[in-house]
Amino acid sequence: MKILVTGGAGFIGSAVVRLAVARGHQVVNLDALTYAACLENLAPVADSPAYAFEHADIRDRAALDRIFRDHKPDAVMHLAAESHVDRSIDAPGAFIDTNITGTYNMLEAARGHWLGQGRPERFRFHHISTDEVFGSLGPEGQFTEDTPYAPNSPYSASKAASDHLVRAWFETYGLPVVMSNCSNNYGPYHFPEKLVPVVILNALAGKDIPVYGAGENVRDWLYVEDHADALLTVLTKGAPGRSYNIGGENEARNIDLVQAICGILDEKRPKNRPYSAQISFVADRPGHDARYAIDPARIANELGWRPSVTLAEGLDRTVQWYLDNEDWWRALQNRKGVGKRLGKAS
Ligand SMILES: NC(=O)c1ccc[n+]([C@@H]2O[C@H](COP(=O)([O-])OP(=O)(O)OC[C@H]3O[C@@H](n4cnc5c(N)ncnc54)[C@H](O)[C@@H]3O)[C@@H](O)[C@H]2O)c1
């Protein structure tokens with residue numbers, strides 16, 4: 001299958017591209033190369049004849065039309081987005097433009113292509129979204145695909161809007177879409193502004209390890225390579241018009257996650273005091289959702305997919321990857337905003 005992947009130079013998109021090429025698909029990676037992109041993430045596939053790169057912005061409709069005409073993809077996996085909640089608090093405009101208008105452009109360009117090809121039934125537009133669209137849970141319960149939307153940050157609101165557009169393009173125009181909403185990803189190639197790499201890199205640098213609020217917020221952690229596998233499962237087996245929640249079955253409080261990473265570093269890179277001594281509690285994020293948890297029943301029962309990696313295994317692999325790939329993360333630490341406290345609002 002020829003798959004047009006948007007955002008393929010980002011964290012999750014690059015895992016999808018690497019896996020799709022390994023599984024014999026042809027991949028066109030469309031990416032604007034924002035601050036969050038890193039083409040080195042594609043080094044394992046860059047020379048493959050099955051891989052092509054298009055430097056383009058999803059806000060540019062004419063560029064999208066040209067790319068669909070040139071490549072004639074069988075499917076789209078749409079991951080390109082502004083993705084950092086803290087940045088969305090400081091500067092929401094880019095999130096509206098890319099996540100909402102950009103998704104609209106992708107839908108229209110894909111629809112034009114699909115119509116031009118005679119409405120092939122097998123065509124798919126897979127929209128990749130987040131569990132943050134469902135808002136915040138109390139101590140009990142899980143998000144199902146039927147949980148009402150209640151986004152709380154500019155990021156999650158923009159993703160919620162894009163989800164609604166995708167649904168409407170299925171209901172109104174019959175475009176064969178599939179949708180997925182996943183929990184927090186972690187793993188290799190995670191941009192160094194997100195929680196897991198911040199903890200690892202600040203610990204190694206001897207700096208404070210910032211934990212928002214009391215660290216009580218609960219997330220369901222999904223190993224990125226498991227997620228890429230789930231996404232290809234949804235793309236190839238999912239029913240048109242249907243959405244699938246993807247979780248790691250790994251709920252943890254932030255403070256417990258941070259302590260676990262410190263414990264792994266104590267073993268792998270011991271020093272004179274435990275890394276947990278560097279933990280520093282800082283002012284909470286405004287509108288910080290208390291708990292996210294995914295009910296994985298639909299993807300398990302209908303598509304036969306389950307995560308393969310426990311949180312302990314995934315964190316061990318992730319910490320080892322950062323220890324082994326210092327050149328990769330050092331180069332990204334100079335990018336604007338990285339290492340700074342963002343998103344405190346005023
Ligand atoms: N990281 C997570 O834990 C998580 C969880 C749930 C859902 N998601 C969703 O998964 C997708 C990928 O997330 P990620 O963490 O890999 O993000 P990322 O920030 O690492 O990568 C985003 C990629 O999109 C590209 N991009 C941004 N704006 C663009 C534009 N206007 N045109 C073309 N390309 C553009 C960037 O250059 C970058 O390569 C996003 O849609 C995000 O909402 C992420």
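This note goes through the aromatic contacts of a predicted model.

1. A search of the whole structure finds 14 aromatic pairs. One of them joins F95 and Y155, whose rings meet edge-to-face, with 6.4 Å from centre to centre and 85 degrees between the planes. This pair links distant parts of the chain, since F95 belongs to helix α4 (residues 93-116) and Y155 to helix α5 (residues 154-173), 60 residues apart. Both F95 and Y155 are buried.

2. Y186 and Y223 make up another edge-to-face pair, for which the centres are 5.5 Å apart and the planes stand at 65 degrees to each other. Because Y186 lies in strand β7 (residues 185-186) and Y223 in strand β10 (residues 222-223), the pair ties together parts of the chain that are 37 residues apart in sequence. Y186 has a relative accessibility of 1% and therefore counts as buried, and Y223, at 3% relative accessibility, counts as buried too; the cut-off behind both assignments is a relative accessible area under 20%.

3. Beyond these pairs, the rings of F134, F143, Y149 and Y292 should be looked at together, as these four residues form one aromatic cluster.

4. Two arginines also deserve a look in the context of aromatic rings. R87 is placed over the face of Y35, at 3.7 Å from the ring centre, while R111 is placed over the face of Y173, at 3.8 Å from the ring centre.

Notes. Residues are numbered from 1 along each chain as its sequence is written. This is a predicted model: local features need pLDDT of at least 70, side-chain atom pairs count only at pLDDT 80 or more; totals for chains, interfaces and linings use all residues. Side-chain values use heavy atoms; hydrogens and water are left out. Rings of Phe, Tyr and Trp (its six-membered ring) pair if their centres lie within 6.5 Å; planes under 30 degrees apart count as stacked, over 60 as edge-to-face and the rest as tilted. Helices (H or I, at least four residues) and strands (E, at least two) are DSSP runs, numbered from the N terminus. Buried means under 20% relative accessible area, exposed over 50%, partly exposed in between (1.4 Å probe, protein chains only). A charge sits over a ring if NZ of Lys or CZ of Arg is within 6 Å of the ring centre and within 35 degrees of the ring normal.
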